[in-house]
Amino acid sequence: MQQAKSGDTVRVHYNGRLTDGTTFDSSAGRDPLQFEVGSGQVIAGFDSGVQGMSVGEKKTIEIPADQAYGQKDPSMMVEFPINQFPEDMTPEAGMRLNMTNGQGQVIPVVITEVGEETVMLDANHPLAGQDLIFDIELVDIESKSRIIMP
C-alpha cells in the first residue's frame, strides 16, 4: 500500500486542539487540507506526522511547540506609545490589530497590556509556545510521476 513520502501531494482532514482540549482549527465541513510533504508548507511536526501514512489511515499526533510555531520570542514583544493610536480607538488587552512595518508588511499583533503611556504588543504567532494535538485522516496521495529513461 502506498505511503506518504517527501515530494507527494497529500490531502488530509484534521482537527487541531490544544492540550486542554480546546479546538483551534479543523477541516470539518471544508475541503481537506492539501500540501506537498516535505516542502515546508505546514508546521514541521504535522509534516513529519503525515509521512508514512496510507490513504484512509487515521491517527493522533502530538506536536511539541518547537515542532509547531516555536516558543514565544521575547523580541516579538514591543512597547508602543499609546498616543500613536488613532484618537477614536481605545486600546484594550486582548485586542487584535494589524500593524505595518517600514517595508509595508502587515504584522498581526495582540495587545497584552495597556499602561498610561504605552501598550505592550505581542507579534508572536497566537499558537507560539503551545504544544498541539492533531487528529488526522489521510484522504489522498498524489505522487510525482517519475519517468525512467532507458
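This is a short walk through the strands and nonpolar cores of one predicted model.

Okay, let's start with strand 9, residues 132-142. Strand 9 has strand 1 as a partner, with the two running antiparallel over 10 bridges. To find that pairing on your screen, look for G16, whose bridge partner in strand 9 is F134. Strand 4 also pairs with strand 9, again antiparallel, and here the count is six bridges. A handy marker for that one is K59, which has I136 as its bridge partner.

So what packs around there? The largest nonpolar core has 21 residues. Among those with the most contacts inside this core are V10, F35, F46 and V50, along with F134, I136 and L138. Which elements give two or more residues to this core? They are strand 1 (9-18), helix 1 (44-50), strand 4 (58-63) and, of course, strand 9. Strand 9 gives the most, with five residues.

Let me zoom in on I136 for a second. Setting aside neighbours within four places in sequence, I136 touches a long list of residues: H13, Y14, F46, G49, V50, M53, E57, K58, K59 and I61.

Now compare V139, which also lies in strand 9. Is V139 buried or exposed? Neither, really: its relative accessibility is 33%, and buried would need under 20% while exposed would need over 50%, so V139 counts as partly exposed. With the same sequence neighbours left out, V139 is in contact with R11, V12, H13, P32 and V55. Take H13 from that list: H13 and V139 are 126 residues apart in sequence, yet their C-alpha atoms are 7.0 Å apart in space.

Okay, next stop, the other core. Apart from the one with 21 residues, there is another core of seven residues, and its members include F85, L97, V109 and L121.

Last piece: an open sheet. Four strands make it up, in the order 5-8-7-6, with antiparallel pairing. Why do strand 5 (77-81) and strand 6 (96-100) each have one side without a neighbour in the sheet? Because both stand at the edges, with a single partner strand each. From one strand to the next, the twist averages 45 degrees. For strand 5, the pairing with strand 8 (residues 118-122) is antiparallel and uses five bridges. If you want a spot to look at, find F80, which stands opposite V119 in strand 8.

That's the tour, happy to take questions.

Methods: Residues are numbered from 1 along each chain as its sequence is written. This is a predicted model: local features need pLDDT of at least 70, side-chain atom pairs count only at pLDDT 80 or more; totals for chains, interfaces and linings use all residues. Side-chain values use heavy atoms; hydrogens and water are left out. Two strands pair if DSSP finds at least two bridges between them. Axes are lines fitted to C-alpha atoms, for helices over the stretch in contact, and angles run from 0 to 180 degrees between N-to-C directions. A nonpolar core is a set of buried Ala, Val, Leu, Ile, Met, Phe, Trp, Tyr and Cys residues joined through side-chain atoms within 4.5 Å. Buried means under 20% relative accessible area, exposed over 50%, partly exposed in between (1.4 Å probe, protein chains only). Contact means heavy atoms within 4.5 Å.
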